[in-house]
Structures are given as structure tokens and as C-alpha cells.
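Here are my notes from a pass through this one, in the order I would look at things. Have the viewer open as you read.

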Amino acid sequence: MSAYSNQVKDYIERYKAESGVEGPLDLHEVASWAWRNGLHKPNARTVIDAIAADIAQVFREEYRTDKHGRRYRANHAATHKQGTKTLSLWADLDDPNAPHSHFVRSFAQRRQQIVGDCVQLKTDVDVYNDKRDPIEPIQVPLDFTLDVAELQQVPRKVA
């Protein structure tokens, strides 16, 4: 674990002790407390990263509707290695100059994120069930075929 991660964990523990908060944490409250107490001083790179994250969120939230009435995400990110840096490049689905290879990479990376999330969810549920030994263990099906089919049942416009 990095020194930065340890520093953050230390001030989170201090926040819990000083505030008396137990249970789930509001990270905005923790961040505000850390800022007020001079425990977290962002540098220019941190500020730029925060602005870029805000822009990415705006991109993620932009949806459009095609001629068939399907709502789709307009902007898609794909990560690329450039030397020692990893860049997150964004392209608009409707931009004719955005290369096909960008979307192939973007969709493959999003699928891998979903798989990773499913593996972690299953691990978390298994650990919970092992630790708590509930009468009815939590079961989380990971076959989304029917869920996807159900959600795709969008009312079609009749011409």
C-alpha cells in the first residue's frame, strides 16, 4: 500500500474517533473534515484530475436516442498506454472521425470491467455468507441474459 493510501486511512480513523461516526461513512463529510483540518491539501495535478473526472462524468451521463427509439450512451472511453502513462481517451459515437478501433477497445474494456465487478461481487457475497453464516445465504445470480432481454423491451414507435 502506498504512503498516500496509508495517510488517507490514518485520517479516516482519526475522523471516526473525533466525530464519533459509526457505520457507513459519507466520504464528502470525511473530505470536508480533512480539508478543514489541513490533512488533505490537493496539488495542481489533483485539481486537474478532479476536473477531468467531472468532465468524464458529464460524458458518461450524455445519452441520445436513435431513430429506433433506443437510448444510447454518446461518449465512450478507451484507455491506452503511452510510455509510462495510461491515457483515457474519449470519442463520440456519432463522430464519423472516431475510429472503429476506439469503440472495439472501449466496449471490450467495459465488458472486462463488468466481469471484474461480477467476480468481486461474488467474492464479497461468499465472504459475507461465510462470516455471517445466515439461515438464508445471499445468492447473486450472475447470468444477466434475462435481465438484459427484459430491459431491452423498449416500446417501439409505430410509423
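1. A term before anything else: I call a residue exposed when its relative accessible area is over 50%, and buried when that area is under 20%. Keep in mind throughout that this is a predicted model.

2. Start with helix α1, which covers residues 3-19. Does its length add up, or in other words, what should its 17 residues span at 1.5 Å a residue? The expected figure is 24 Å, and the end C-alpha atoms are 24 Å apart, so the two agree. Just after α1 comes Gly 20, with a positive phi of about 75°.

3. Now look at how α1 is sided. Val 8, Tyr 11 and Tyr 15 are its buried residues to check. They sit on the same side of α1, because the arc they cover around the axis is only 70°. Turn to the other side of α1 and you find Ala 3, Asp 10 and Ala 17, which are exposed. The general rule is worth recalling here: an α-helix has 3.6 residues a turn, so residues three or four places apart point the same way.

4. Helix α2 (27-36) is part of what covers the buried residues of α1. The cover goes both ways, since α1 is in turn part of what covers the buried residues of α2.

5. On α2 itself, the buried residues are Val 30, Trp 33 and Ala 34. Viewed down the axis of α2, these fall within an arc of 100°, so they line one face of the helix. His 28, Trp 35 and Arg 36 are exposed, on the face turned away from that buried side.

6. For a single residue that ties the two helices together, try Ile 12, which lies in α1. Leaving out residues up to four places away in sequence, Ile 12 touches Leu 25 and Val 30. Ile 12 is also 22 residues from Ala 34 in sequence, while their C-alpha atoms are 8.4 Å apart in space.

7. Next, the largest pocket, which holds about 570 Å³ of space. It is lined by 21 residues, and the closest to its centre are Ala 56, Ala 77, Thr 79, Ser 88 and Trp 90. Which elements each supply at least two residues of the lining? They are α3 (44-61), β3 (75-82), β4 (85-92) and α4 (100-132). Helix α3 gives the most, with 7 residues. By character, the lining divides into 7 nonpolar, 8 polar and 6 charged residues.

8. His 102 deserves a look of its own. It is placed in helix α4. Is His 102 buried or exposed? Its relative accessibility is 7%, so it counts as buried. Setting aside residues up to four places away in sequence, His 102 touches His 76, Ala 77, Ala 78, His 80, Leu 89, Trp 90 and Ala 91.

9. Finally, Lys 81, which has its place in strand β3. Its relative accessible area is 62%, which means that Lys 81 is exposed. As for distance, Lys 81 and Arg 36 are 45 residues apart in sequence, and their C-alpha atoms lie 37 Å apart in space.

Note on methods
Residues numbered from 1 in each chain as written. Predicted model: local features only at pLDDT ≥ 70, side-chain atom pairs only at ≥ 80, totals over all residues. Heavy atoms only, no water. 1 Å grid on protein atoms, 1.4 Å probe; cavity = no way out; pocket = protein on both sides within 12 Å on 5 of 7 lines; lining within 4 Å. Points joined across faces, edges and corners; volume = space filled by probe spheres on them. Helix = DSSP H or I, 4+ residues; strand = E, 2+ residues; numbered from the N terminus. Nonpolar A, V, L, I, M, F, W, Y, C, P; charged D, E, K, R; others polar. Expected span 1.5 Å × (residues − 1). Buried < 20%, exposed > 50% of the residue type's maximum accessible area, 1.4 Å probe, protein only. Arc of directions from axis to C-beta. Contact = heavy atoms within 4.5 Å.
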